[in-house]
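This report describes one protein chain with its bound ligand, working from individual residues to a sheet and then to the ligand shell. The sequence and structure come first.

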Amino acid sequence: MFWVILSVTSVTLLYFYLTWNYNYWRNRGINGPKPRPLVGTFPKSAIYLRNFVYELDDIYKTFRGKCPFVGIYTYRQPELLILDPKLINEIFVGKFKHFENNYTNYNKENARLFMRNPFILRDQEWKDNRADISPAFTTLKTKQTYPVVDRMCKKLTKFIKSQIENGVPFTDTKEITAKFTADVICSVAYGLEANAIENNNSEFLRVAHKLFATSNWKLWFITFKSIFPYLFKYYEMPFLAADVEKYFLNLTDEAIRIRSQSVNKPDDYLHFLLKLKEKRNFQLNDVAAHSITFFLDAYETSSIILTHALYRLAKNENCQRKLRQEIAELNGDLSFDSLSNLSYLDQVFNETLRISTPGFTMSKVCTEKIDLLNHENRPVTIEKDTVIHIPIYSIHNDPEYFPEPTIFNPDRFKFADLKSLRDNGLFFPFGHGPRMCLGMRFSTLQIKAAIAEIVSNFHISVNARTKEPIIVKPKDFLYLAIGEVYLDYKVIEKENK
Ligand code: HEM
């Protein structure tokens, strides 16, 4: 009997613990979907059966046009989902001081090497670190990386041709694009050769895979921490395996040593960091943390967009032909400037960013409490520390803003004014406002260069082994397909180009 009473009491207490907060938004006059015990408003993604982006999109579709924002629950935690594009723009720009910080699961305690990444940092530390590295991302600095990008493009073509000649069946195109971005980044950020394109056993690539792997342990730790934050108040699970941290520290150390002995000192990111090191009296840890920012923010995002651009072009023969024609008109004069002036390539790039934005939601924290007007035009107070979500994926795929959103149609960007789209909260793959992506120019360059290189050298088509439609993995926070993206490559002979 005792055990029965104890069990019933425990279950009842747990139920109350899990649900007592579920009136939070209703009490404040904010609409939203009805939460369920434990899983909140995300019945499948809370237990990793479906990606968060799809459930967020369901909520978006239910409430868009009816409410400027809705209250949602991640497990027990009340959070806000913004639906109105005008409000999104205000959050990025006009009301920025109320939403200054990003919400992430990383911090200086659980990921020491991320300690200089502006994306993760908050308040003054964010300002200082962003100011420190911003000069490395100007148009001029980006232009200086073009020779490296171009060299890696040529390697990529050579690699694909050799695979074809040797009859090697093609692996996932995501693997090929990851090799390319790994080689570019290692060269630009560390001045070293990762040799990922030609070497399947590249150590740099192996560690990169490990760094981005989403382990079940980490996910369930985050889950339990969200449900029982008090139990984990004094414990932070390290997000970087000790060997990954050690690898990047050694890599930075080696890069500095080689650069100091070298006569040739290119004006690259490493050079920039070494000057910063002198100015700020940095230690090895600081330089390593700044270098890993480049790697962390550039590697997976760029490889995702490149993969999806190639996939979409492979599916859309007409677009591929049109792009190839535009590149052919340059008569082989592919330079930083000519690449930047290719208008159809730009349209293809933007349309890919629209459909397959790598980071499909942006999560911010309310840093200063603020009153927002609810669906009845009544001011409601959003408290400090409330997490808010900006549904990039849903806005980019909303038929009211982008008719027939699932169709890949680069022409929709033919006369588009990107600034005005951004200011209207309708197209913001790189974010907007004071926290806008620092690597936009660099990623645009390397992705466009690789697309142009591949399309002018190969005819690409989708292999039947590719599972369509492409669905995002349930456990990932980036646009990573569940299955492999198999494409077939056929060499285009020069005279037929
Ligand atoms: C296709 C590729 C990329 C996409 C779609 C992308 C997208 C984004 C987005 C959406 C943000 C958040 C912006 C905001 O909060 O308003 C961001 C921030 C950031 N990105 Fe990128 N990014 C890409 C590539 C890169 C590259 C190549 C680098 C560096 C080499 C980079 C460096 C950064 C940094 C440092 C931040 C943090 C800025 C801050 O919080 O002040 N990104 N990016």
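P147 is found in helix α7, which spans residues 146–165. The model is a predicted one. P147 is exposed, because it has 12 other C-beta atoms within 10 Å, and a residue with 12 or fewer counts as exposed. P147 and C186 are 39 residues apart in sequence, and their C-alpha atoms are 14 Å apart in space.

F239 lies in the loop between α10 (216–227) and α11 (242–261). Is F239 buried or exposed? F239 has 21 C-beta neighbours inside 10 Å and therefore counts as buried, the cut-off for buried being 20 or more. Leaving aside residues up to four places away in sequence, F239 touches Y106, N110, A111 and K218. Between F239 and Y103, which are 136 residues apart along the chain, the C-alpha separation is 16 Å.

**The sheet**

Five strands make up an open sheet with mixed pairing, in the order β1-β2-β7-β4-β3. Its edge strands, β1 (69–74) and β3 (101–102), each pair on one side only. Helix α3 (residues 52–63) packs on this sheet and touches β1, β2 and β7. The direction of α3 makes about 150° with that of β1.

Strands of a sheet pair through backbone hydrogen bonds, either parallel or antiparallel. β4 pairs with β7 in the antiparallel sense over four bridges, and β3 and β4 are also antiparallel, over two bridges. The table lists residues that stand opposite each other in these pairings.

| Residue | Opposite residue |
|---|---|
| S363 | H389 in β7 |
| V365 | V387 in β7 |
| N101 | V365 in β4 |

In a regular strand the side chains alternate between the two faces of the sheet. β4 shows this alternation: M362 and K364 point to one face and are buried, while S363 and V365 point to the other face and are not buried. V365 is thus listed twice above, as the partner of V387 and of N101.

**Helix α4**

Which residues of α4 (residues 85–92) are buried? They are P85, I88, I91 and F92. These four lie on the same side of α4 because they cover an arc of only 110° around the axis. An α-helix has 3.6 residues a turn, so residues three or four places apart point the same way. The buried residues of α4 pack against the strands β2 (77–82), β4 (362–365) and β7 (387–390), and against helix α17 (392–396). β2, β7 and β4 also follow one another in the strand order of the sheet.

**The ligand shell**

How many residues surround the ligand? The shell has 27 residues, and the closest are D297, A298, G431, C437 and G439. Two elements, α13 (284–315) and α19 (440–457), give two or more residues to this shell. The largest share, seven residues, comes from α13. By class, the shell around the ligand has 14 nonpolar, ten polar and three charged residues.

Note on methods
Residues are numbered from 1 along each chain as its sequence is written. This is a predicted model: local features need pLDDT of at least 70, side-chain atom pairs count only at pLDDT 80 or more; totals for chains, interfaces and linings use all residues. A residue is near a molecule or strand if its C-beta atom, placed from the backbone, lies within 6 Å of it. Ala, Val, Leu, Ile, Met, Phe, Trp, Tyr, Cys and Pro count as nonpolar, Asp, Glu, Lys and Arg as charged, and the others, Gly among them, as polar. The arc is that of the directions from the helix axis to the C-beta atoms. Two residues are in contact if their C-beta atoms, placed from the backbone, lie within 7 Å. Two strands pair if DSSP finds at least two bridges between them. Axes are lines fitted to C-alpha atoms, for helices over the stretch in contact, and angles run from 0 to 180 degrees between N-to-C directions.
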